[in-house]
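Trainee: I should like to learn how unusual backbone features are read from a structure. Could we go through some cases together?

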Amino acid sequence: MSNLRILVGVKRVIDYAVKVRVNRAQTGVEVANVKHSINPFDEIGVEEAIRIRERFAKAKSPTSVEIVAVSCGPPKSQEVLRTALAMGADRAIHVEYGKDNEQNTIEPLVVAKLFNEIVKKEQPGLVIMGKQAIDDDSGQCGQILAGLMDVSQATNVSKLDVEPMEAPKTLTTMCEIDGGMETLKCELPAVVTTDLRLNEPRFVSLPNLVKAKKKPINKLTPADLGIDIVSKLETLKVNEPPVRKAGIKVESVDELLDKLRNEAKVI
Amino acid sequence: MRNIYLNCVKRTEPVIRNPNFARSAKAGARLGFVTQKCNIHSVRNVTAFSKSGADSLRDDFCTKLRGLGAKNIQSRMMGHVVSQRDSRFKKLGKEDLDYFKSVLSESRVLVSKEMGGNADPTELDTFNTDWLSKYVGHSQVVLFPTSAQEVSKVLKYCNENTIAVCVQGGNTGLVGGSVPVFDEVVLSLSKMDKVRSLDKDSGALVCDAGCILESLDDYVGEFGFTMPIDLGAKGSCHIGGNVSTNAGGIRYLRYGSLHGSVLGLEVVLPDGTIINNLSTLRKDSTGYDIKQLFVGAEGTIGVVTGVSIATARRPTSVNVAVLGVNSYQDVKNTYIQSRKDLCEILSAFEFWDARCMDTVLTGFNTSNPLSGDYPFYVLIETSGSNDEHDEAVEKTMENGLVQDGTLAQGKTQISKMWSLREGIPTVLAQTGATYKYDISIPINQLYDIVHDTEVRLENAGIYKKDAAPSENYPVKSVNGYGHIGDGNLHLNIVADKFDDKITDLLEPFVYEWVENVAGSVSAEHGLGIMKPECLKYTKNDQIVSVMRNIKNMFDPNGIMNPYKYLPENK
């Protein structure tokens, strides 16, 4: 009886539907009292891990699947770990760093290094991350991690297949490219980053939310993992894009012609 | 795609609205004229309306059209009970149009080609037809004022010349109150859409009556406020219309009635007097509160041109859960329990039955957020200031009343859940002709009327619950959903078409049932043209008599939205 451990990276970000505002100091966006939720691509990652487990169970595979959700961030990151647990993850790891309601200054390279330390401890067969976080849109973490781990990477994946067999050795992925689809076959362990059309995440049921409260969340600090958080990038300024000038409505064709001729001076 | 609206009226002839027709069929025209003008083989999507008494003419016409090869023909009976145009009202002539153009400017007077203007018949269709496509009028003129002064001049002129006026906002009303019955001039507020001011300390918003509700909510949202009402029609309805119909909606539970939220109004009376009562004060006890008369008056005693409304602070922590429940009693008990546990943060409590859920899931082609199907569904929304406190919704699972549930993770899931409830009216309307009853009943008996209606229709042989698709019963479904928190049920019966036989079985049965429990025949939809005759089931003669006095005081010539609101004085 072998075991496939899937590590899923999840990040707590400002909710996709919120209108963001630049903060007064112009160093970032306003985060205090703003609705946060799980990064949509990470949610898709959790859903995919659960579907892999369901497929294995349905095929009565000799391999059991364990899903571990991991998040790096301030104390409130626990909320998205609870979401992942409620969706079906077995346990979670929280690398606590930073303070709530403050700017997130952790960079992809640092996150990848933290994940790499966790990978060394957990020895997962597969790591799934979102292709990018919707707050910084870096899209680098999964790739850097694969480099640090020295394993294959399949990025922007919209279809994922792992054979439900004893100790699977490979996985097949498809991703959308200009003009078609690209199919990759990688050896496990591998890092996969999810794209939007991979799946549609399930709603979290209330009974599962209650059950999730009992699942363990293991807390660590970067020091525990022996990583020094050093920012190599400094944000100089953040400002909003220039306000788009409103158009005007004209009441008649004559007025339109008049404006084109005399104001815009194009005819 | 051509949509033909065919009006069959007793003692007159089919009037055809079609882009290919320049003018309607005149007196004496017969089917021959119609088939000559109309390229029958390319005709699709004909909806033939008939006022009562003209059904045989309508059916005859439809049969002939089908015989000639036209496709997709629906017959509907118009909901009107008025067959006679009041001859007191002046028929519009060129001098009237000239006056309107002098006051409003030519671009803001829409005149049909029949009356010498530029508008195709279809351009006027949107103003003449209500949202349900159940009520259709024949106005030839639509006016678009941009200020209270312009409204004043128009109304004064109409009052002096006894010209009937139909006031219109977003035209999303469900009782036919927003469309003309005959040829009343449509006074549309859609071009009066400016926000006048927002007091950022108190949250008092002053705006034109033609502002769209959703736009206002977006605007005040930027400053951390929220409108105190929210309804499915928010993308199209006007705040002036909401005020004039005393709209309810999904946040009633939390913010209460517009009678409480409206701080002031700017109204133009039928004789042209402009009443400026636009105050932004929260508290003002000085004399008779006249603005309250206009809240819910449905345009019958004056035109609302400006609204001052108290917005509320936008809650920062909103949670939504959808629950699956086994019976109506469980729905009711869950409500009572939620009231206790969630207390001040409960902001909405809606329910719907399995039939509605099936229809909406099919209509939107989406799957049930719960893992199973249940006889009843509940949507709970909490709005507060504190994230942790607000997860109390999980408590509702702990007492066994609720079988299954899901809590939204993020705003996208919140919208998806609300769209399941808000989409019910739209999707039901797509499945067939919908008889809608909006009633207030004591919460304990709320769902009993759905059962009783089903039994009545089954006994008449026109409906069978869970009938197979092959069995063709005229009534397709009986649905119940609504704002249980406010004791407000929306009873919807969907049939193949509006039919006198079905109407007679439902009315006055539904109204008498409601009267028996001392409920209201119109909880939030208002009276319009649909309900004046059933006002008596909720309000007694003395009250109606006082209402008539008020109407006569403000509108002695009866030009404002005639034929509607109050029953005919016999």
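Mentor: Let us begin with B:Pro508 in this predicted model. This proline sits in the loop between helix H16 (500-506) and helix H17 (509-516) of chain B.

Trainee: What kind of peptide bond joins B:Glu507 and B:Pro508?

Mentor: The bond is cis, and the angle to read is omega, which is about 10° here.

Trainee: Where in chain A is a cis peptide bond found, and what is omega there?

Mentor: In chain A, A:Leu188 and A:Pro189 are joined by a cis peptide bond with omega of about -5°. A:Pro189 belongs to the loop between strand E9 (180-187) and strand E10 (190-194).

Trainee: Let us turn to phi. Which value does A:Ala167 have?

Mentor: Its phi is near 45°, a positive value in a residue other than glycine. A:Ala167 is placed in the loop between strand E7 (152-162) and strand E8 (170-177) of chain A.

Trainee: Is A:Ala167 buried or exposed?

Mentor: The general idea is that buried means under 20% relative accessible area and exposed means over 50%, with partly exposed in between. A:Ala167 has a relative accessible area of 29%, so this residue is partly exposed.

Trainee: What is phi for B:Ser105, and where does this residue lie?

Mentor: B:Ser105 is not a glycine, yet its phi is positive, at about 80°. The loop that holds B:Ser105 runs between helix H3 (94-104) and strand E5 (109-111) of chain B.

Trainee: How is the accessibility of B:Ser105 classified?

Mentor: B:Ser105 counts as partly exposed because its relative accessibility is 31%.

Notes:
Residues are numbered from 1 along each chain as its sequence is written. Chains are lettered from A and ligands numbered from 1 in the order in which they are written. This is a predicted model: local features need pLDDT of at least 70, side-chain atom pairs count only at pLDDT 80 or more; totals for chains, interfaces and linings use all residues. Side-chain values use heavy atoms; hydrogens and water are left out. Helices (H or I, at least four residues) and strands (E, at least two) are DSSP runs, numbered from the N terminus. Buried means under 20% relative accessible area, exposed over 50%, partly exposed in between (1.4 Å probe, protein chains only).
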